[in-house]
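Colleague: I'm new to reading protein models. Could you walk me through this one?

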Amino acid sequence: RNSIRLSFACPPPKESTALGAMPRKPIVGGNWKCNPGTAKAAMELLDAWKGTSFDKEKVDVVICPTSLHLPLVKEALEGMGMAVAAQNVSNTGFGAFTGEVCADHLCDFGVSWTLIGHSE
């Protein structure tokens, strides 16, 4: 059985406190896997979430949409106080790696979280 880990894709800012020294806050993550099936359905899901709330001081919520939907839903999810994560990240950097998304790509899009070691 593989474990699921949620990791930072981008290094924390230099002036930040070391992660080990920070108080722990629970993280709730939602992996969309290969759902919803269309961009329209993704936006309908976000519309259904409008008006919902959670205490951002007590919990971090991280949503992992498909790679194709990530840029489409990122702003709306962040506007609801949720972070956005990639479902996977390559262990390579930029280069001739067909279909891969590297950490530098994610950082360029402002995505600082990713799943690592997920299983089907």
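**A pocket, a core and some charged pairs**

Modeller: Let's start with a pocket: the second largest one holds about 150 Å³ of space. A pocket here is an open set of points on a 1 Å grid over the protein atoms alone, with protein on both sides within 12 Å along at least five of seven lines, and its lining residues have an atom within 4 Å of a point. The volume is the space filled by probe spheres set on the points, which are joined across faces, edges and corners. Keep in mind that this is a predicted model, where local features need pLDDT of at least 70 and side-chain atom pairs count only at pLDDT 80 or more, while totals for chains, interfaces and linings use all residues. Residues are numbered from 1 along each chain as its sequence is written, and side-chain values use heavy atoms, leaving out hydrogens and water.

Colleague: How many residues of the lining of the second largest pocket are charged?

Modeller: The lining includes Leu 70, Pro 71, His 105 and Phe 109. Asp, Glu, Lys and Arg count as charged; Ala, Val, Leu, Ile, Met, Phe, Trp, Tyr, Cys and Pro as nonpolar; and the others, Gly among them, as polar. The lining splits into 7 nonpolar and 3 polar residues, and the charged ones number: none.

Colleague: Which element gives the most to the largest nonpolar core?

Modeller: A nonpolar core is a set of buried Ala, Val, Leu, Ile, Met, Phe, Trp, Tyr and Cys residues joined through side-chain atoms within 4.5 Å. This one has 15 residues, and Leu 46 and Leu 77 are among those touching the most other members. Two or more residues come from each of α1, β3, α2 and β4. With 3 residues, the top giver is α2.

Colleague: Is Met 80 buried, partly exposed or exposed?

Modeller: Met 80 sits in the loop between α2 and β4, and its contacts (heavy atoms within 4.5 Å) include Leu 46, Trp 49 and Phe 54. Buried means under 20% relative accessible area, exposed over 50%, and partly exposed in between, using a 1.4 Å probe and protein chains only. Met 80 has 16% relative accessibility, so Met 80 is buried.

Colleague: Which residue forms a salt bridge with Glu 78?

Modeller: A salt bridge needs a side-chain nitrogen of Lys or Arg within 4 Å of a carboxyl oxygen of Asp or Glu. Glu 78 has its partner 4 residues away in helix α2, about one helical turn. The closest N and O atoms are 2.9 Å apart, and the partner is Lys 74.

How values were computed: 1 Å grid on protein atoms, 1.4 Å probe; cavity = no way out; pocket = protein on both sides within 12 Å on 5 of 7 lines; lining within 4 Å. Lists of a residue's contacts leave out its neighbours within four places in sequence.
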